[in-house]
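Me: I would like a close look at one part of this structure, the salt bridges. Please take them pair by pair.

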Amino acid sequence: MPNLRFDAVSCQFALHYSFQTEAQAKQLLLNATERLKPGGFFFCTVPDAYVLVKKLRAIHASQAEKSFGNKFFKITFEKDKFPDKNGAFGLKYHFQLKDTEDDSLVDCPEYLVHPRKFVRLAKQFKLNVTEELNFHEFYEKYSQNEYYGGMLAKQVKRNGIMNNEEWDTSCTFFFL
């Protein structure tokens, strides 16, 4: 259906896989925007590059493995590449997420999405970034909101208040 258009396109925890190359990122944005109605919205959630790089830089330089995390997640950057302020494509890291209920582990390669690079790329596809927030910022801004507040309360207070490790894990997510 070539004329099928949508008011919104959502890309949750997937956009960063296309940042292996600039061509792949552009193709993802083309696919998303060619189906948007004029004035439509493109929502995406990616790992927060600012938080990941800050945590990476906090690691002692002599540490053999460039990794950090807690009992819920672990992120390991490749040894020979270090993110810079230009936001290059193809900055690969491995993300491990542990499910504490069944002790399973997800381990997959991912690519860093530099927010300024994403904004510049989005403009090429006539997308205007209207808000950039990581989960902590989103929670602070919207936890009292009539619409979002109830959903956020359920997430944060799942089994009582979120503990420090769960809260630390949540700060790695970024909404664009």
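Is Glu22 buried, partly exposed or exposed, and what is its relative accessibility? Please go on from there to its partner and to the other pairs.

Reply: This is a predicted model, and the values below are computed from it. Glu22 has a relative accessibility of 36% and counts as partly exposed, because the partly exposed class lies between 20% and 50%. Its salt-bridge partner is Lys26, with 3.5 Å between the closest N and O atoms. Lys26 is also partly exposed, at a relative accessible area of 30%. Both residues belong to helix α1 (residues 22–33); they are 4 residues apart, so about one helical turn separates them. In general, side chains of opposite charge can pair when their charged atoms come close.

The structure holds 3 salt bridges, and the pair in helix α1 is one of them. Another joins the side chains of Lys37 and Asp7, at 3.5 Å from N to O. This pair links distant parts of the chain: Lys37 is in strand β2 (residues 36–47) and Asp7 is in strand β1 (residues 6–12), with the two 30 residues apart. Lys37 is partly exposed, with a relative accessible area of 35%. Asp7 counts as exposed, because its relative accessibility is 51% and the exposed class begins over 50%.

There is also a salt bridge between Glu131 and Lys141, whose closest N and O atoms are 2.4 Å apart. This pair, too, links distant parts of the chain: Glu131 is in the loop between α3 (115–124) and β7 (133–134), while Lys141 is in helix α4 (residues 135–142), 10 residues apart. Glu131 has a relative accessible area of 25% and is partly exposed.

Definitions and conventions:
Residues numbered from 1 in each chain as written. Predicted model: local features only at pLDDT ≥ 70, side-chain atom pairs only at ≥ 80, totals over all residues. Heavy atoms only, no water. Salt bridge = Lys/Arg side-chain N within 4 Å of Asp/Glu carboxyl O. Buried < 20%, exposed > 50% of the residue type's maximum accessible area, 1.4 Å probe, protein only.
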